Amino acid sequence: MIHSLVAGCFIILAFIVLINPPAHNTKAKYWFSGFLLCVGLGLAERDLYQQNPDFVVVSECSRFLIAPFLYFSIVYFTKPKFVFSIYSSLHFIPFVIFSFFAIVFLIQHEYPLSLPKPISRYFGLFLSFSLKLQILIYWVYSFLLLRKHRKNVQLFSTETNQVNLNWLMNLLYIILVIIVIAILSAGFSHLLIFPYLPIIYCLCSGFIAYYIIPQKEIYPFPETVKAEIQEIIEVSSSKKSPIARLTDPEIAFFKTKLEFIMEQDKPYLQSDINLFQLAEYLNISTHDLSFLLNTGLSINFNDYINNYRINEAKRLLKSPKHTHLSIEGIGYESGFSSKSSFFTSFKKIVGLSPLAFKKVDMP
């Protein structure tokens, strides 16, 4: 019965994610909702097997959707203009094949291929192994996508902590633990951890609910800009040299103009400044600004903005007029939105913590 309760948590959470009011990351949430629903159906199988064996066939079909649903939710989270194509549908071939056998079994109560019992047993083991292998392969793909995303967000945002999807990476680690446990359960079901699996699943559902519901828009840009951001990410991920979008005289002109804007208007003091907003100051496209930063100045957007913020923080730390501000307050005054991002960036650029810097340079 305990598995049914945990399954209910995932199924309810799936519908909460589906109808969650904020209209952002919509497609990603649809796919993630499907992932949660399939997990719930899979967990319900253990308690409902005796009462309704036919339900097991349906839940087994859903197991072949768990990995693709999770993968495509991460794809839509990390790629601003991803388009689902015919090639994408190939990910669901194992589900279609298994569903064919399942439908025939539900109608005829026997499989379309009659196999001898020994072969049938090994075939069942093969299906179980292939399912675990599928999830493991998709886990690796998902992990690589999220690791790339952590680098890509620095190309267009300084608020990386809110859009870097660290919670999804942590969820992947939990899923990996569950995969390993599932593999071990085949021969080591006597281990003490297995009776506590429902508790782990329950904690996992709470973890997901805490992070997925308030998740902010990953790419808060107009649709045309999203397409440009997608191209910027693709160029950054490619080993090929980017196409020259600006001539050398244009690079020199916009570099001077950008430095003037940063000194006079100080847009870096806006905690939510992004590539699109800074491009509007220069009256150029995000594509051109990205080229200017990465090729003309050899720096990404996040580091460029944070360098100005750290210089501002160093000035405030040395200023006798700002001794009333705490270290955290100086971070906020410099444009940072959180204490952690301020301390991390300061240590990365200066090599000291803000407090250590203040002690060294202040009498």
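**Entry 1: Arg245 and its partner**

I looked up Arg245 first and found that it counts as partly exposed, because its relative accessibility is 39%. The model I consulted is a predicted one. The side chain of Arg245 meets that of Asp288 in a salt bridge, with 2.8 Å from N to O. Asp288 has a relative accessible area of 15%, so I recorded it as buried. I then noted where the two residues lie: Arg245 is in the loop between helix 10 and helix 11, and Asp288 is in helix 13, so the pair ties together parts that are 43 residues apart in sequence.

**Entry 2: Helix 13**

I next asked how much of helix 13 is covered. Helix 13 spans residues 286–296, and eight of its 11 residues are buried. Among them I listed His287, Asp288, Leu289 and Phe291. The cover over these buried residues includes helix 10 (223–237), helix 11 (248–264), helix 12 (275–282) and helix 14. After helix 13 comes Ser298, and I noted its positive phi, near 55°.

**Entry 3: Helix 14 and further salt bridges**

I counted five salt bridges in total. One of them joins Lys348 to Asp303, with the closest N and O atoms 3.3 Å apart. Lys348 belongs to helix 16 (residues 339–350) and Asp303 to helix 14, so this pair ties together parts that are 45 residues apart in sequence. Lys348 counts as exposed, because its relative accessibility is 58%.

Another salt bridge links Arg315 and Glu312, whose closest N and O atoms are 2.8 Å apart. Both residues sit in helix 14, and because they are three residues apart, about one helical turn separates them. I found Arg315 partly exposed, with a relative accessible area of 42%, whereas Glu312 is buried at 9% relative accessibility. I also noted that Lys81, Glu223 and Lys226 are joined into one network by salt bridges that share partners.

Helix 14 covers residues 301–318 and also holds Asn302. Is Asn302 buried or exposed? Asn302 is buried, because its relative accessibility is 7%. Leaving out residues up to four places away in sequence, I found Asn302 touching Gln154, Ser157, Thr158 and Thr160.

**Entry 4: The nonpolar cores**

I looked up the largest nonpolar core, which has 82 residues; Phe32, Ile208 and Leu289 have the most contacts inside it. Helix 3 (residues 53–78) gives the most to this core, namely 11 residues. Apart from neighbours within four places in sequence, Phe32 is in contact with residues including Leu70, Trp167, Leu171 and Ile208. A second, separate core of 11 residues includes Ala313, Phe336, Phe346 and Phe357.

Ile208 led me to helix 9, where the buried residues include Ile208, Tyr201, Phe207 and Ile212. Helix 9 (residues 197–212) reaches 22 Å from its first C-alpha to its last, close to the 22 Å expected.

**Entry 5: The surface patch**

I found a nonpolar patch on the surface formed by Phe15, Leu18, Ile19, Tyr30 and Leu37, with about 500 Å² of accessible area together. Helix 1 (2–19) and helix 2 (26–48) each give two or more residues to this patch. The largest share, three residues, comes from helix 1. Phe15 lies in helix 1, and I recorded it as partly exposed because its relative accessibility is 48%.

**Entry 6: The chain overall**

The protein chain has 17 helices and zero strands. Buried residues make up 43% of its 363 residues. Of the contacts between residues at least 6 apart in sequence, 70% join residues at least 24 apart. I noted an exposed area of about 19900 Å², of which carbon and sulfur atoms supply 64%.

Methods. Residues are numbered from 1 along each chain as its sequence is written. This is a predicted model: local features need pLDDT of at least 70, side-chain atom pairs count only at pLDDT 80 or more; totals for chains, interfaces and linings use all residues. Side-chain values use heavy atoms; hydrogens and water are left out. Helices (H or I, at least four residues) and strands (E, at least two) are DSSP runs, numbered from the N terminus. Buried means under 20% relative accessible area, exposed over 50%, partly exposed in between (1.4 Å probe, protein chains only). Contact means heavy atoms within 4.5 Å. A nonpolar core is a set of buried Ala, Val, Leu, Ile, Met, Phe, Trp, Tyr and Cys residues joined through side-chain atoms within 4.5 Å. Patches are made of residues with over 30% relative accessible area and no salt bridge: like charges are joined within 9 Å, nonpolar side chains (Val, Leu, Ile, Met, Phe, Trp, Tyr) within 5 Å. Accessible areas come from the Shrake-Rupley method with a 1.4 Å probe; for residues, only the protein chains shown count as cover. A salt bridge is a side-chain nitrogen of Lys or Arg within 4 Å of a carboxyl oxygen of Asp or Glu. The expected span of a helix is 1.5 Å times one less than its number of residues.
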